[in-house]
Amino acid sequence: MAAQTNKHTIASTGKTSATRNVIRFTFAMVLMVALLPLYLLNILLAVLVLKAPLKSENWLDIGGDVVELYSWQVGLFKSSANLINVALGQVHFVGTPIIRGTTSIPNVKRFKSPCDKAGLYDCLQLHNATGLVVNGELPLLEAQAKQNFIEDALMVIKLVTCKTLYKKGGSKQVETHMFGIPFANTKMRDAINWVCQSEQPQTKCRVGYFLNVNSINLAANNTELHSTLCGSDKNFADGSGMRIAAQHSGIDLADNINGTDMLPLLCEQALQTKQSFFLLGAKDGVAKKAGESLQQHYIGLDIRGTHHGYFKSDDDIIEQINQSGATILLVALGSPRQELWLAKNKHRLNCQCALAVGGLFDFFSGAIPRAPLWMRELGLEWVWRLMQEPKTKFNRYVIGNPVFLFRVFILKQSIRGL
């Protein structure tokens with residue numbers, strides 16, 4: 001019985017694979033026919049300069065296998081010749097990432113890709129385009145390998161859209177600024193290392209803020225907040241709006257550093273480095289639920305205390321934080337209150353580092369669900385937040401986003417000297 005089931009599974013898998021090969025070949029041929037005028041132009045240009053129209057280049061995929069790809073010697077859209085490799089069955093549209101300038105290589109010895117063959121497109125490219133940091137490379141590729149053809153096509157559409165919206169080619173300076181506010185253009189892992197590092201001797205608590213569309217809009221009309229953001233120990237760029245602003249400022253952002261994506265990785269690091277947390281903010285009971293949820297997911301996580309954000313006395317809450325002995329303080333009081341509160345009280349805090357994290361506790365307590373991955377991949381998490389809380393988020397997004405884009409336009413003109 002088991003043998004018959006296995007035979008049936010193998011036959012079904014083989015049939016599915018054959019069907020996908022036919023669809024892949026057909027789609028590649030349709031695209032090549034559509035691009036025939038371009039192909040003829042490139043061939044003509046190659047003949048005029050006495051060169052062979054095509055050249056073959058060998059690449060490596062992240063599994064270590066050699067991948068041969070064609071490209072045009074001269075002309076437009078040289079990489080469009082890759083479609084020939086797809087039609088020949090040498091590569092897939094979606095598959096194992098090919099090592100290029102922006103490809104992340106999984107930190108796995110003798111890495112074996114779950115995908116059948118190398119692909120022109122992959123999930124790591126998509127996440128690099130938006131700076132999204134979720135899971136590890138291997139789980140992402142395992143999920144990609146299980147996609148059907150329609151899901152592959154949707155992923156390619158998302159990737160092309162994101163590459164159009166968030167073009168690369170600017171400065172990669174680690175320390176830079178936008179709208180007169182400095183920030184660290186860094187990878188998520190480096191940001192977490194900064195939070196967890198122990199400095200001796202330490203005279204004050206280090207403070208980090210996340211710069212997003214809302215904080216930039218608020219700082220434009222609040223000189224105290226602008227001064228506070230400029231005086232922080234570290235600022236991180238958070239969200240698709242900041243990525244668009246960076247693009248128009250000639251800056252290539254590394255990762256999208258936001259508190260919600262950072263916290264799971266920060267908890268993992270805290271377990272290794274023996275760090276402890278205090279959670280301050282949100283409505284009564286939300287911080288406590290968030291702490292309990294984190295401790296369930298990260299066994300052994302040291303959360304020294306929690307407190308809601310509706311306290312009256314700074315002295316009492318600071319004493320409670322200091323007595324807890326927590327090394328990392330997460331403050332979720334909403335902007336601009338959380339930034340101003342930390343700037344005012346950081347010299348009184350004994351913890352090593354404090355982060356202003358906005359609505360972070362709502363997500364990890366289960367009060368508000370996180371946006372689905374496909375929305376985060378497109379940089380549309382703000383749409384999800386608006387759907388969840390239309391009244392409270394209306395001004396922030398419906399009014400705030402166009403205002404921010406106008407600020408980006410003005411910023412671009414000023415950079416160009418217009």
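This briefing covers a strand and its neighbours, the aromatic pairs, and some exposed nonpolar residues. The model is predicted. Strand S12 (residues 353-356) has buried residues on both faces. The structure holds seven aromatic pairs. A nonpolar patch of about 680 Å² lies on the surface.

**Strand S12 and its neighbours**

- In a regular strand the side chains alternate between the two faces of the sheet.
- On one side of S12, Cys-353 and Leu-355 are buried.
- On the other side, Ala-354 and Ala-356 are buried too, so both faces count as covered.
- Strand S7 (residues 206-211) pairs with S12 in the parallel sense, over three bridges.
- Strand S11 (residues 328-332) also runs parallel to S12, and four bridges join these two strands.
- Ala-354 of S12 is the bridge partner of Val-207.
- Ala-354 is also the bridge partner of Leu-329.
- S11, helix H14 (residues 337-345) and S12 form a β-α-β unit, and this unit is right-handed.

**Aromatic pairs**

- A pair of aromatic rings is described by the distance of the centres and the angle of the planes.
- The structure has seven such pairs.
- In one of them, the ring centres of Phe-179 and Phe-404 are 5.7 Å apart, and the planes meet at 50°, so the pair is tilted.
- This pair links distant parts of the chain, with the two positions 225 residues apart in sequence.
- Phe-179 sits in the loop between strand S5 (175-178) and strand S6 (181-184), while Phe-404 belongs to helix H18 (residues 390-415).
- Both Phe-179 and Phe-404 are buried.
- Elsewhere, ring pairs join Trp-194, Phe-210 and Phe-236 into a cluster.

**Exposed nonpolar residues**

- The surface patch is made by Leu-41, Leu-44, Leu-45, Leu-48, Val-49, Leu-76 and Phe-77.
- Phe-77 lies in the loop between strand S2 (66-72) and helix H3 (82-87).
- Is Phe-77 buried or exposed? Phe-77 counts as exposed because its relative accessibility is 63%, and the cut-off is over 50%.
- Leu-40 is placed in helix H2 (residues 36-48).
- Leu-40 is exposed as well, because its relative accessible area is 52%.
- How far apart are Leu-40 and Thr-228? They are 188 residues apart in sequence, and their C-alpha atoms are 59 Å apart in space.

Notes: Residues numbered from 1 in each chain as written. Predicted model: local features only at pLDDT ≥ 70, side-chain atom pairs only at ≥ 80, totals over all residues. Heavy atoms only, no water. Patch = residues over 30% accessible without salt bridge, like charges linked within 9 Å, V, L, I, M, F, W, Y side chains within 5 Å. Areas by Shrake-Rupley, 256 points an atom, 1.4 Å probe, with all protein chains shown as cover. Salt bridge = Lys/Arg side-chain N within 4 Å of Asp/Glu carboxyl O. Buried < 20%, exposed > 50% of the residue type's maximum accessible area, 1.4 Å probe, protein only. Pairing = 2+ DSSP bridges. Right-handed = clockwise from strand over helix to strand, strands pointing away. Phe/Tyr/Trp six-rings, centres within 6.5 Å; stacked < 30°, edge-to-face > 60°.
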